[in-house]
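Thanks for sharing this one with me. Could you open the model alongside this note as you read?

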Amino acid sequence: KQSRASQPCWSTSVSIETLTCGLSTMARGNQRDKDRAANLKKQASASSGNSTIKQADSTAEIMRKKQEAAEAKKAEAAAAGVTLEKKGPTASEKKMERAMEMAMSGRQGTAAQAAGKRAK
């Protein structure tokens, strides 16, 4: 018995497989090629777009510039003999204040958070 691949398309037993001459296998190969081309296109567009690494680098560069500006301002004030005072509470002081308010009130949130929920 011969394998299907070696049978000629003009064989005497007529079936859909012999009429198509193996087009179903070609369609799978064609689909594979189409998928491969689509995947390459997707990868090319993804590499040209914004990536999280590029975004992290740009954010880090912005923060470095801010830090350098703050250090320059401090150095300039120190050279002039002026002491810079902080403008308001630090983040840790705000956090401690919220924690104390929640502990004293027995609530899950602060009064400001509750008012914000009511306003919505």
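Here are a few numbered points on the fold, the surface, one residue and one pocket.

1. A word on the source: this is a predicted model. The protein chain has five helices and zero strands, and its pattern along the sequence reads α-α-α-α-α.

2. Next, the surface. The protein chain has 120 residues, of which 3% are buried. The chain exposes about 11100 Å², and 57% of that area is supplied by carbon and sulfur atoms.

3. Please have a look at Thr 110, which sits in the loop between helix 4 (91–105) and helix 5 (111–119). Is Thr 110 buried or exposed? Thr 110 counts as buried because its relative accessibility is 6%, and the cut-off for buried is under 20%.

4. Which residues does Thr 110 touch, leaving aside those up to four places away in sequence? The contacts are Arg 98, Glu 101 and Met 102. Helix 4 spans 91–105, so you may like to display that stretch together with the loop that holds Thr 110.

5. Now to the second largest pocket, which has a volume of about 180 Å³. Its lining includes Ala 70, Lys 73, Lys 74, Ala 77 and Ala 78, and also Val 82, Thr 83, Leu 84, Glu 85 and Lys 87.

6. How do the lining residues of the second largest pocket divide by character? Five are nonpolar, one is polar and four are charged. Among the lining residues, Thr 83 is the polar one, while Glu 85 is one of the charged ones.

Conventions
Residues numbered from 1 in each chain as written. Predicted model: local features only at pLDDT ≥ 70, side-chain atom pairs only at ≥ 80, totals over all residues. Heavy atoms only, no water. 1 Å grid on protein atoms, 1.4 Å probe; cavity = no way out; pocket = protein on both sides within 12 Å on 5 of 7 lines; lining within 4 Å. Points joined across faces, edges and corners; volume = space filled by probe spheres on them. Helix = DSSP H or I, 4+ residues; strand = E, 2+ residues; numbered from the N terminus. Buried < 20%, exposed > 50% of the residue type's maximum accessible area, 1.4 Å probe, protein only. Areas by Shrake-Rupley, 256 points an atom, 1.4 Å probe, with all protein chains shown as cover. Contact = heavy atoms within 4.5 Å.
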